[in-house]
Amino acid sequence: ESAINRIAAGEVVERPASAVKELVENAVDAGATRIDVAIADGGKTLIRVTDDGCGIPPEELPLAIARHATSKIDGSDLLNIHSFGFRGEALASLGAVGRLTLTSRAEGHDAAELSVTGGKIDPIKPAALSRGTVVTLRNLFFATPARLKFLRSDRAEMQAISDVLKRLAMAEPSVSFTLRDVSGGGEGRVTFRADAVSGDLFDALRGRLGQVMGREFVDNAVSIDADREGIRLTGLAGLPTYSRGAAVAQFLFVNGRPVRDKLLIGALRGAYADFLSRDRHPAVALFIDCDPHKVDVNVHPAKSEVRFREPGLVRGLIVSALRHALAEAGH
Ligand code: ADP
Ligand code: MG
């Protein structure tokens, strides 16, 4: 059982950044308004995600770390996926490849703590916590030295964690995020911080994208707001004059989930074809929201690929909405 867990875990947890992605998504799903991520040694020795979300009642802690256990779907409608989590695998996988401790307090319950190491579960203990959940993952891959060897330098792993967190932060402007490097102990050093921003959709979006991508992008981008047959496209698209030599500033989301997808990148190319040569890349942050039945997000455990039921429709929407907005801005 624990060997099977470890093999399956490798699919979900490739590196510290994939663990951070799963834990932060869980915190978002729990309705957190503040999410703090603390990292030591590039995540190899410590990843700690603290949230102020709904918490987990003590009796549900064992369920939370059981494989294929999720509180977010009832199994009858696998396509109707609104929250990030739908596989019920992340915590089980993390508990198989490191030492995972869940400390949590749900409203109306006492705080409690559950640890699992290499798949072996300790008894539940009482804990002290005022609200929310703290998930601590120590010594990731300690039991699988082969995988440990594939990890890059602490610095490179921290960079990957930062990228993952920034992507997630873009889609959740009303949530405060901090990333701290606690390698030296204590409170550590804040390496990324995005305070909650409010206002209407575009105020909040411009505020958050300014925090993450920089004011210059926001000041050189047009707002996108279009829909077609139940598919909505919002976000900011950089002016052709604000292009890049590499596709480093292209952020795409489907139903709040960060994705990298060939179809969407191809559509971007099409939208900017008249303005940019092959070696220039637009900066964009675009959010596609649609009925979950119109998109399959279950392509890969890492969940970054998607498959649209009507790819032509999505492509057409992106190309026409971006061209229209750029034309209105005088391009
Ligand atoms: P999934 O997110 O796919 O449901 P996970 O293994 O990531 O699966 O989490 C299992 C369950 O543990 C979740 O369905 C949720 O009920 C609970 N859980 C995990 N993290 C948190 C959190 N930060 N706050 C509240 N509940 C959580
Ligand atoms: Mg999850």
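Biologist: Hello! How many residues of helix α4 (residues 90–97) are buried?

Modeller: Welcome; keep in mind that this is a predicted model. Helix α4 is mostly covered, and its buried residues include A90, L94 and V97. Out of 8 residues in α4, the number buried is 8.

Biologist: What do the end C-alpha atoms of helix α2 (residues 16–29) say about its span?

Modeller: Helix α2 has 14 residues, and at 1.5 Å a residue it should span 20 Å. The expected span takes 1.5 Å times one less than the number of residues. The end C-alpha atoms agree with that value, because their distance apart is 20 Å.

Biologist: Which residue just after α2 takes a positive phi?

Modeller: Helix α2 itself is mostly covered, with 13 of its 14 residues buried. Just after this helix, phi turns positive, at about 80°. The residue is G31.

Biologist: Is N139 buried or partly exposed?

Modeller: N139 sits in the loop between β7 (132–138) and α5 (145–150). Its phi is positive, about 50°, although N139 is not a glycine. A buried residue needs 20 or more other C-beta atoms within 10 Å. N139 has 16 C-beta neighbours inside 10 Å, so it counts as partly exposed.

Biologist: And E229: is this residue buried or exposed?

Modeller: E229 lies in the loop between β10 (221–228) and β11 (231–238). Phi of E229 is positive too, near 45°, and E229 is a residue other than glycine. The cut-off for exposed is 12 or fewer other C-beta atoms within 10 Å. E229 has 11 such neighbours, so it counts as exposed.

How values were computed
Residues are numbered from 1 along each chain as its sequence is written. Chains are lettered from A and ligands numbered from 1 in the order in which they are written. This is a predicted model: local features need pLDDT of at least 70, side-chain atom pairs count only at pLDDT 80 or more; totals for chains, interfaces and linings use all residues. Helices (H or I, at least four residues) and strands (E, at least two) are DSSP runs, numbered from the N terminus.
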